[in-house]
Amino acid sequence: MTGGQLTLFMQDADRTCRFAQALASRLAPGCVLLLDGPIGAGKTHFARCLIQATQDMPEDVPSPTYTLVQSYATRRGEVVHADLYRLGDTSELAELGLDEAFNTAICLVEWPDRLGDAAPEKALTLEFEIPSSGIGRNVTLSWTDPAWAERLAGVGHD
C-alpha cells in the first residue's frame, strides 16, 4: 500500500465547514476519519459540519464528550461520531460498538490515540493544528490506503 499526505489551511470556521461538506459527499459506510489535535483546534466543529451535510434535515449535533458515541441515520448511511477523550482504556471499545461501526458506518473519531491498536489501518487521519499566529487552522490529512488518494482528489480547493 502506498500512502499520502495533504495539508490544507482553513482560514476560518466557515472554510472548515465547507471542507467538511465537500468531504462528506465522498464518504461511504466503512470510511473512518481519525480527528486528532488539541482541545479547541476545530475537531468537533468539523465533525458537526460533516454530519449535518449528510442529513436531509440538518439537526443539532452535540459533542459526544459525555456520551462518548453518538449515531445518526443519514442519506449516506449511518454516521457514528465518537469522542474518546474520557475513555478509560481500550477494553471499553467493544462495549461502545466501534469495532463493528468501523465496517458498517461512516465513523468520525476524536482523540483517536485512545484507540491504541484498534485504530483501523485504512482510516484517514486529519491532524488539526492551531498555527502560532492563532489565526485559522492547518489540517493535515494522511493515509496509507490508496483508495483515499482517489477519494480526496480535488477536495479542499474551493
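The following exchange between a student and a tutor works through a predicted model of one chain.

Student: On what basis are residues numbered and features accepted here?

Tutor: Residues are numbered from 1 along each chain as its sequence is written, and in this predicted model local features need pLDDT of at least 70, side-chain atom pairs count only at pLDDT 80 or more, and totals for chains, interfaces and linings use all residues. Side-chain values use heavy atoms, with hydrogens and water left out.

Student: In what order do the helices and strands of the chain run from the N terminus?

Tutor: Helices (H or I, at least four residues) and strands (E, at least two) are taken as DSSP runs and numbered from the N terminus. The chain has five helices and seven strands, and their order is β-α-β-α-β-β-α-α-β-β-β-α.

Student: How does the radius of gyration of the chain stand against the globule rule?

Tutor: The radius is taken over C-alpha atoms, and the rule is 2.2 Å times the number of residues to the power 0.38. For 158 residues the rule gives 15 Å, and the chain is as compact as a globular protein of that length, because its radius of gyration is close to that value, at 15 Å.

Student: What share of the contacts with a separation of 6 or more joins residues 24 or more positions apart?

Tutor: A contact requires heavy atoms within 4.5 Å. Among contacts in the chain with a separation of 6 or more, residues 24 or more positions apart account for 64%.

Student: Which cysteines form the disulfide, and where do they lie?

Tutor: A disulfide is a pair of cysteine sulfur atoms within 2.5 Å, and the structure holds one, formed by Cys-17 and Cys-49 with their sulfur atoms 2.1 Å apart. Because Cys-17 lies in helix 1 (residues 13-24) and Cys-49 in helix 2 (residues 43-54), the pair ties together parts that are 32 residues apart in sequence.

Student: Is that disulfide left-handed or right-handed?

Tutor: The handedness is read from the torsion about the S-S bond of Cys-17 and Cys-49. That torsion is about -105°, so the disulfide is left-handed.

Student: Why are Cys-31 and Cys-107 not bonded to each other?

Tutor: Both residues are buried (under 20% relative accessible area, where exposed means over 50% and partly exposed lies in between, with a 1.4 Å probe and protein chains only), Cys-31 at 5% relative accessibility and Cys-107 at 0%. Cys-31 is in no disulfide, and the cysteine sulfur closest to that of Cys-107 is the one in Cys-31, too far for a bond at 9.5 Å.

Student: What is phi of Trp-111, and where does the residue lie?

Tutor: Trp-111 lies in the loop between strand 5 (106-110) and strand 6 (124-129), and it counts as buried at 14% relative accessibility. Most residues other than glycine have a negative phi. Phi of Trp-111 is instead positive, near 60°.

Student: Which residues does Thr-44 contact beyond its neighbours within four places in sequence?

Tutor: Thr-44 is placed in helix 2 and is buried, with a relative accessible area of 19%. Leaving those sequence neighbours aside, its contacts are Ser-63 and Glu-110.

Student: How far apart are the C-alpha atoms of Asn-138 and Glu-127?

Tutor: Asn-138 lies in strand 7 (residues 137-143), and its contacts outside four places in sequence include Thr-7, Phe-9 and Glu-127. Asn-138 and Glu-127 are eleven residues apart along the chain, and their C-alpha atoms are separated by 7.9 Å.
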